[in-house]
Structure formats: structure tokens, C-alpha cells
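Let's take a walk through a protein together. Have a look at the sequence and the 3D view, and keep them handy while you read.

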Amino acid sequence: MSSEQSVDPESPSEDSPQPRHAGFTYTLGRSLIAPLARLVYRPRIEGREHVPTTGPVIFASNHLSFIDSIAIPVAAPRPVHFLAKSSYFEGTGVKGWASKTFFEAIGAIPVRRGAGQAALDALDLQRQLLDEGLAAALYPEGTRSTDGRLYKGRTGVAFLALQTGAPVVPVGLIGTDKVMPVGAKMPTLSERITVRFGEPLDLSPHGPATSGRARRLATDEIMAAIHALSGQELAGIYNEAPAQNTIEKIKQALPHERR
């Protein structure tokens, strides 16, 4: 989420969206998909003992492939929810039903992507999950890395952690881009992935969520922990789409908080 907030994020409107929990579909899907995926792909899972088994927790991970959002729930010792494009849930016919059922089965919750109000709605959905004592997975980089480098983190994850008090478990994913590269239709069976869970981070010493400095320092701590787990080359910049016009180039060049 790259836009700056223009309204008070601690005062959601009465029209704020509510998380659509997967319920039985998720329970059944997790019991079937997770063991099957572990059997077929034989992921190397490290640090599961670091994950709190109860209470709110944020999994903050690097992002290399579409299957990252499957790898984390499969490897985690507790149910994990993440946000997915609403279009995955809105298709028609057999294909639409299959897409909706699959994403519900892996713990996805639909959200409309974008800036402005859409970004605020996404933040609010994630906060509601944490307020209910659930686990949410997020990608501080904002979008997938297409060159394998680790990009600078955006402050939304730190904002949620500082606002809710939820601990952040850093996650390092290795090899997911080889199992399913960007643009691939199906994952390969010839590669293995590694999922590393780090020790939970208490970000509260950085200050309140209302402080831009606290959000930036907390984000840098999260990204340093992810880097230690993933071992990726650091890009040193934000992962942003190329500017399409002069105005966008100026906006990207000017100092502003990436959320």
C-alpha cells in the first residue's frame, strides 16, 4: 500500500468492510492441502517453535512468488489469513467457483486493491483479524520481487504492529521463485523451498503508531530480520512500478512514506 493516509486510521467508518472468514471451507482445506503440500513438495521448515500458538501475530515475509501465500500457511503451526484480490472470489461458472473455493481453503480474505480508501480498507481488515486474536500474513515489500532482491519495506506492517501490539514473526522464503516463477501457470515438482520463521519482534520500544519515525524504524527492524533469514541481496529501493508520466516520477522522487 503506497499511498499516504489522509484520514484517521484509528477511526474506521461505519461502512468499513468486515473480514469474510472462510469457516468450514478453510478448516477442511487446511486439513487436506497442508499435509498434501508437505508430502509433495517436502518443504524445509525451520523455526516453527518461534511462532506463538495463540493470540494475534503478524507474519512479515519476503515476497518472491504467487505460492508464497500458500507456503506460509502450509508451514505455519497455526491457521494464517492473508488478503487476496477480490477478483479471485468473483468469477462465474465452474472456474469462478473453483477459484473462490481454493482461496477460501488456504485462508485468503478478499479485498479490493488500490490506493486511497482501498488501502485504508485493507489496513482495517488486517487490524480486525488481529483484534480477533488471529494470525495475518503480510509482505512489507508490497509486491513480488521479480529479480530476487529484497526491497525496502513499506510501513503498513509496522503501523499495524504498533497499533495492535501484535508481535511480528519475520519469515524468510527461499526457492519459491524457482518452484513457481512469475508468469508460470503451474508450480514445478523438481524444486524444494525453505520456510524460515524468526523469533517474534516486539516493536513497541520504537514508539507509537502515530509517529512516522517509529513506523520507519520498526519497518527497518522487520526488514533486517527478514534479510537475515532469506539471505537475499538488498535492493536499497522500493519495489515500485515504473512511473508512467512526469507527475508520477516527481512523486516517487520526493520523500514520502510508502505504506
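Here is a short tour that goes from the whole chain to its strands, its cores and a few single residues.

## The big picture

First things first: what you see is a predicted model. The protein has 259 residues, and 44% of them count as buried. Its secondary structure adds up to eight helices and seven strands.

Now think about who touches whom. Take the contacts between residues with a separation of 6 or more: 80% of them link residues 24 or more positions apart. On the outside, the protein exposes about 12900 Å², and 56% of that comes from carbon and sulfur atoms.

## Strands side by side

Find strand β7, residues 194-197. It pairs with β1 (residues 44-46) in the parallel sense, over three bridges. If you want a spot to zoom in on, Arg44 stands opposite Thr194 of β7.

Strand β7 also pairs with β6 (residues 168-174), but here the two run antiparallel and four bridges join them. Val171, for instance, has Phe197 in β7 as its bridge partner.

## Two nonpolar cores

Which residues have the most contacts inside the largest nonpolar core? They are Ile58, Val168, Leu203 and Ile222, in a core of 30 residues. The elements that give two or more residues to this core are β2 (57-61), β4 (108-111), α4 (117-131), β5 (135-138), α5 (156-164) and α7 (212-230). Another core lies apart from it, with 25 residues, including Ile67, Ala71, Ala75 and Val80.

Let's zoom in on Leu203. Skipping its neighbours within four places in sequence, Leu203 is in contact with Ala161, Leu162, Val168, Ala218, Glu221 and Ile222.

## Inside or outside?

Is Ser230 buried or exposed? This residue belongs to helix α7. Ser230 counts as buried because its relative accessibility is 11%, and the cut-off for buried is under 20%. Leaving out residues up to four places away in sequence, Ser230 touches Asn62, Gly172, Leu173 and Ile174.

Leu189 makes a nice contrast. You'll find Leu189 in the loop between α6 (176-179) and β7. Its relative accessibility is 58%, so Leu189 counts as exposed, given that exposed means over 50%. Leu189 also belongs to a nonpolar patch on the surface, together with Leu36, Leu39 and Val40. The accessible area of these four residues together is about 410 Å².

Methods:
Residues are numbered from 1 along each chain as its sequence is written. This is a predicted model: local features need pLDDT of at least 70, side-chain atom pairs count only at pLDDT 80 or more; totals for chains, interfaces and linings use all residues. Side-chain values use heavy atoms; hydrogens and water are left out. Buried means under 20% relative accessible area, exposed over 50%, partly exposed in between (1.4 Å probe, protein chains only). Contact means heavy atoms within 4.5 Å. Accessible areas come from the Shrake-Rupley method with a 1.4 Å probe; for residues, only the protein chains shown count as cover. Two strands pair if DSSP finds at least two bridges between them. Patches are made of residues with over 30% relative accessible area and no salt bridge: like charges are joined within 9 Å, nonpolar side chains (Val, Leu, Ile, Met, Phe, Trp, Tyr) within 5 Å. A salt bridge is a side-chain nitrogen of Lys or Arg within 4 Å of a carboxyl oxygen of Asp or Glu. A nonpolar core is a set of buried Ala, Val, Leu, Ile, Met, Phe, Trp, Tyr and Cys residues joined through side-chain atoms within 4.5 Å.
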